[in-house]
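Subject: Handing over the structure

Hello,

I am passing this structure on to you, and I hope you enjoy looking through it. Please have a look at the sequence and the model first, and then read on for what I found.

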Amino acid sequence: WKIQRDMEERGHSLESILASIEARKPDFDAYIAPQKQYSDLCIEVLPTELDPEDKKTLRVRCIQKNGVSDFDPAYLFDEGSTIEWTPCGKKLSCSYPGIK
């Protein structure tokens with residue numbers, strides 16, 4: 001999603017974006033990646049899988065460690081709730097998922 005955003009919204013070339021990512025990779029590997037094992041919560045930002053043309057909607061994955069004292073689980077919905085989902089008639093090729 002970062003590459004798409006930087007090219008479309010900021011006018012950067014693919015080569016400059018990839019060079020920027022590669023230039024920061026050693027710092028990520030040295031300082032960011034090792035912290036994951038100590039974190040109680042990680043948030044990953046991923047591109048949407050609903051519509052290949054949608055460049056604005058992102059998926060967010062929350063990974064929370066179990067068993068941490070004084071750190072209650074975060075629920076998207078109340079614990080024990082149910083979700084009713086009806087796909088839209090365009091078989092998820094539209095920009096909305098059809099949730100009701």
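Before we get to the pocket, one convention: Ala, Val, Leu, Ile, Met, Phe, Trp, Tyr, Cys and Pro count as nonpolar, Asp, Glu, Lys and Arg count as charged, and the others, Gly among them, count as polar. Please also keep in mind that this is a predicted model.

With that convention, the residues lining the largest pocket split into 4 nonpolar and 2 charged, with no polar ones. Which residues are they? The lining is made up of Phe28, Ile32, Lys36, Cys42, Ile43 and Glu44. Two elements, α2 (14-32) and β1 (41-47), each give two or more residues to this lining. The largest share, 3 residues, comes from β1. As for the space inside, the largest pocket holds about 160 Å³.

Stepping back to the overall fold, the protein has 2 helices and 2 strands, and along the sequence they follow the pattern α-α-β-β. The protein has 100 residues, of which 10% count as buried. If you take the contacts between residues at least 6 apart in sequence, 29% of them join residues at least 24 apart.

One residue you may like to look at is aspartate 6, which lies in helix α1 (residues 2-8). Is aspartate 6 buried or exposed? Its relative accessible area is 4%, so aspartate 6 counts as buried, the cut-off for buried being under 20%. The side chain of aspartate 6 also makes a polar contact, at 2.9 Å, with the side chain of arginine 5. Setting aside neighbours within four places in sequence, aspartate 6 is in contact with Gly11, His12 and Ile17.

Finally, the cysteines. How many disulfides does the structure hold? There are 0. Cysteine 42 is in no disulfide, and the nearest cysteine sulfur to it, that of cysteine 62, is 8.8 Å away. Because a disulfide needs the two sulfur atoms to be within 2.5 Å, this pair does not count as one. Cysteine 42 also belongs to the lining of the largest pocket. Cysteine 62, for its part, has a relative accessibility of 44% and so counts as partly exposed, a class that sits between the buried limit of 20% and the exposed limit of 50%.

Happy exploring, and best wishes!

Methods
Residues numbered from 1 in each chain as written. Predicted model: local features only at pLDDT ≥ 70, side-chain atom pairs only at ≥ 80, totals over all residues. Heavy atoms only, no water. 1 Å grid on protein atoms, 1.4 Å probe; cavity = no way out; pocket = protein on both sides within 12 Å on 5 of 7 lines; lining within 4 Å. Points joined across faces, edges and corners; volume = space filled by probe spheres on them. Helix = DSSP H or I, 4+ residues; strand = E, 2+ residues; numbered from the N terminus. Buried < 20%, exposed > 50% of the residue type's maximum accessible area, 1.4 Å probe, protein only. Polar contact = N/O pair within 3.5 Å; in protein donor to acceptor, adjacent residues only side chain to side chain. Contact = heavy atoms within 4.5 Å.
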